[in-house]
Amino acid sequence: AIGHVEGLVIDPRNHHVTHVLLQEGHLWGRKEVAIPISAVTRVGDGIQLRITKQDVADLPPVDIDHPG
């Protein structure tokens, strides 16, 4: 386990999911990152990725406005 799924990014033109938003890290170093949908290999109880935990940690943080 490397984080918690926080949401999805959807392309408004075709309504396809482009990225999964993931809250990555630990209590003192959390950040939200956008995982390209092409890196997702399986969806079930959670999601499985074809990239490593270090690849996810190396992603830049994103600043997404969440509705609500």
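A salt bridge, as I use the term today, is a side-chain nitrogen of Lys or Arg lying within 4 Å of a carboxyl oxygen of Asp or Glu. Please keep in mind throughout that what we have above is a predicted model, and that I will be speaking about positions in that model.

With that cut-off in hand, let me take the pair I would like us to look at, which is Arg13 and Asp11: the closest N and O atoms of these two residues are 2.6 Å apart, and Arg13 therefore forms a salt bridge with Asp11, since that distance falls within the 4 Å limit. Side chains of opposite charge can pair in this way when their charged atoms come close. How many salt bridges does the rule give us here? The count comes to one. The side chains of Asp11 and Arg13 are also joined by a polar contact, again at 2.6 Å.

Now, are the two partners buried or exposed? Arg13 has a relative accessible area of 73%, and because exposed means over 50%, Arg13 is counted as exposed. Asp11, by contrast, has a relative accessible area of 12%, and because buried means under 20%, Asp11 is counted as buried.

As for where Asp11 sits, its place is in the loop between β1 and β2. If we leave aside the neighbours within four places in sequence, Asp11 is in contact with His16 and Thr18.

Staying with that loop, I would also point you to His15, which is placed between β1, residues 3–10, and β2, residues 17–24. Its phi is near 65°, which is a positive value in a residue other than glycine. With a relative accessibility of 63%, His15 counts as exposed.

Let me turn, finally, to the strands on either side of the loop and to the sheet they belong to. It is an open sheet of three strands, in the order β1-β2-β3, and the pairing is antiparallel. β1 and β3, the latter spanning residues 31–36, stand at the edges with a single partner strand each, so one side of each is left without a neighbour in the sheet. From one strand to the next, the twist averages 30°.

Looking more closely at the pairing of β1 with β2, these strands run in the antiparallel sense and are paired over seven bridges. If you would like a place to start when you trace that pairing on the structure, you can take Gly3, which stands opposite Glu24 in β2.

Terms used: Residues are numbered from 1 along each chain as its sequence is written. This is a predicted model: local features need pLDDT of at least 70, side-chain atom pairs count only at pLDDT 80 or more; totals for chains, interfaces and linings use all residues. Side-chain values use heavy atoms; hydrogens and water are left out. Helices (H or I, at least four residues) and strands (E, at least two) are DSSP runs, numbered from the N terminus. Buried means under 20% relative accessible area, exposed over 50%, partly exposed in between (1.4 Å probe, protein chains only). A polar contact is a pair of N or O atoms within 3.5 Å; within protein, one must be able to donate a hydrogen and the other to accept it, and residues adjacent in sequence count only if both atoms are side-chain atoms. Contact means heavy atoms within 4.5 Å. Two strands pair if DSSP finds at least two bridges between them. Axes are lines fitted to C-alpha atoms, for helices over the stretch in contact, and angles run from 0 to 180 degrees between N-to-C directions.
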